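Thanks for sharing this one with me. Here are my notes on the two ligand sites and a pocket, set out point by point.

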Amino acid sequence: RPYVITSLLGGGSGGITMSARMKRRLGAENVAIVEPSEMHYYQPIWTLVGAGAKGVASSGRPTASVVPSGVKWVRSKVQEINPDTNTVRTGNGMEISYQYLIVALGLQLHYEKIKGLPEIEDWVKFKIGSNYSVLTVEKTWSALQNFKEGNAVFSFPNTPVKCAGAPQKIMYLTDAYLRKTGKRAKANIVYNTSLPVLFGVKKYADALWEIVKSRDMQVNLRQNLIEVRADKQEAVFENLDNPGETKVFEYEMLHVTPPMGPNPEVKGSLLADEAGWLDVNKETLQHNKYPNVFGIGDCTNLPTSKTAAAVAAQSSILDRTISKVLKNEKPDSKYDGYTSCPLVTNYNTVILAEFDYSGQPLETFPIDQSKERWTMYHMKADVMPHLYWHGLLKGFWGGPGPYRKIMHLGMK
Ligand code: FAD
Ligand code: UQ1
């Protein structure tokens, strides 16, 4: 029955944030969220959980506590989206009609695409970890603590990923942990990435190359993890510039960043682009074919790095876009692609990368953010979680854009 004006698909960062904003705009009784998970996770803290600097419990809160009061929560999966009839079918057999639809389904992790990767229960035994899932993040910390001597190997897959810095943040923390515990001399740290660069923005890549060189970490570009031979503690990488050529790395610790891709519910719908991501206008976030459909976050084909910081900036733009559409006016706000990645380089330092669609730095603070700073670590570890739970998810934090303008007053 069409009691719902706006349906939100997905109750992650983007879904909860937009539900708070839509409640303010339309009234709670006109908003519904479809989300199967009983828990909502603040994923950015997993970088620190994997390195033992935070507990995993701090990352999750019940979904019931983050769904704005009065907003209808459908505790089920989206099974099928039909934008021609303005309906969504859910796993529990409901058919929901919508006037407006915001898709915030995130992306899918594909651990199963890595041949031989054992069942998660066996990861501790096989010295494997992965900060990308709540089920595997604590295994990273086990592997780190159990490290004796040998290679610590880190992977970056040959797909788009969320938080493109996370696969190497854990390498820097591993290096720091092994130094702190006197084991660094017996360790060889290897970062094998599918990318042709260490980081997509030159200013930060230059700073990171300095760090990997000065701390004696080995970076191999265009290497893609395709197989794990867990019983032998071997990881097999394919050379993407010479397909078929593989290289085997013995490991004492393996951190896996899984291949990622669009959700099947988006990919299999009329809303997807050719690659399967939600096809939205890159300035207004309105769907390119269905004007009553909008997208936010990791599920979209916005050509920027997929982060919660990007979700924050997108949320204020999308709020504006929808307000215009509701009044039958033309959307006028323009998303510039803002995204941010706090590159944790030690247990007390962060390089705060911030940039836009053009790949140019777009820094909030009037200081050089490519330098390692303890203030930025404090922001990442202690300030950001509050900003997330009490600012972003409540619909009050739309990214640092306005503050950047104030802080740079008279400086440029
Ligand atoms: P999500 O928050 O992932 O939410 C998607 C939701 O959709 C989930 O709740 C899921 O259950 C639900 N869903 C999926 N399928 C269905 C379905 N069929 N039906 C209904 N619901 C469904 N970002 C930063 O800004 N800074 C950082 O430092 C940072 N570090 C990170 C470190 C790690 C290790 C990870 C994993 C991520 C990090 N991120 C960081 C990225 C950030 O967490 C994501 O970009 C952000 O959460 C994206 O929000 P989203 O709403 O698009 O997706
Ligand atoms: C941000 O807005 C955000 O979302 C709440 C993050 O996710 C946890 C971030 O990591 C960052 C860096 C930002 C940007 C905020 C500032 C103050 C630069």
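How many nonpolar, polar and charged residues does the shell around ligand 1 have? Points 1 to 3 deal with that ligand; please keep in mind throughout that this is a predicted model.

1. To take the question straight away: the shell around ligand 1 has 13 nonpolar, twelve polar and eight charged residues. Of the 33 residues around this ligand, the ones that come nearest are Ser13, Gly14, Glu35, Val78 and Ala309.

2. Several polar contacts with ligand 1 deserve a look on your screen. A polar backbone atom of Asp298 sits 2.8 Å from an oxygen atom of ligand 1. Leu105 also uses its backbone, with an N or O atom 3.4 Å from an oxygen atom of the ligand. Glu265, by contrast, uses its side chain: a polar atom there lies 3.4 Å from a nitrogen atom of ligand 1. Taken alone, ligand 1 exposes 1,000 Å², and the protein buries 91% of that.

3. Which helices supply at least two residues each to the shell around ligand 1? They are α1 (13–26), α6 (166–180) and α9 (308–326). The most comes from α9, which gives three residues. You may also like to have the annotation at hand: UniProt, in an unreviewed entry, places the feature "domain: FAD/NAD(P)-binding" at residues 9–117. In the model, that span is 21% helix and 30% strand, and its end C-alpha atoms lie 31 Å apart.

4. On to ligand 2. Its surroundings include Tyr42, Pro44, Ala308, Ala309, Tyr338 and Trp397. On its own, ligand 2 has 440 Å² of accessible area, of which the protein covers 94%. Trp397 makes a polar contact through its side chain, where a polar atom is 2.8 Å from an oxygen atom of ligand 2.

5. By class, the shell around ligand 2 has nine nonpolar, two polar and one charged residues. At least two of the shell residues come from each of α9, β21 (339–346) and β22 (349–355). Ala309 is worth selecting in your viewer: this residue is among those that come nearest to ligand 1, and it also belongs to the surroundings of ligand 2.

6. Finally, a word on the second largest pocket, which has a volume of about 460 Å³. Of the 27 residues that line this pocket, Val161, Ala164, Thr304, Ser305 and Lys306 are the closest to its centre. The lining is made up of 16 nonpolar, nine polar and two charged residues.

Definitions and conventions. Residues are numbered from 1 along each chain as its sequence is written. Chains are lettered from A and ligands numbered from 1 in the order in which they are written. This is a predicted model: local features need pLDDT of at least 70, side-chain atom pairs count only at pLDDT 80 or more; totals for chains, interfaces and linings use all residues. Side-chain values use heavy atoms; hydrogens and water are left out. On a 1 Å grid over the protein atoms alone, a cavity is a set of points where a 1.4 Å probe fits but cannot get out, and a pocket is an open set with protein on both sides within 12 Å along at least five of seven lines; lining residues have an atom within 4 Å of a point. Grid points are joined across faces, edges and corners, and a volume is the space filled by probe spheres set on the points. Ala, Val, Leu, Ile, Met, Phe, Trp, Tyr, Cys and Pro count as nonpolar, Asp, Glu, Lys and Arg as charged, and the others, Gly among them, as polar. A residue is near a molecule or strand if one of its heavy atoms lies within 4 Å of it. A polar contact is a pair of N or O atoms within 3.5 Å; within protein, one must be able to donate a hydrogen and the other to accept it, and residues adjacent in sequence count only if both atoms are side-chain atoms. Accessible areas come from the Shrake-Rupley method with a 1.4 Å probe; for residues, only the protein chains shown count as cover. Helices (H or I, at least four residues) and strands (E, at least two) are DSSP runs, numbered from the N terminus. UniProt positions are given in the numbering used here, feature names are shortened, and annotations may be inferred rather than shown by experiment.
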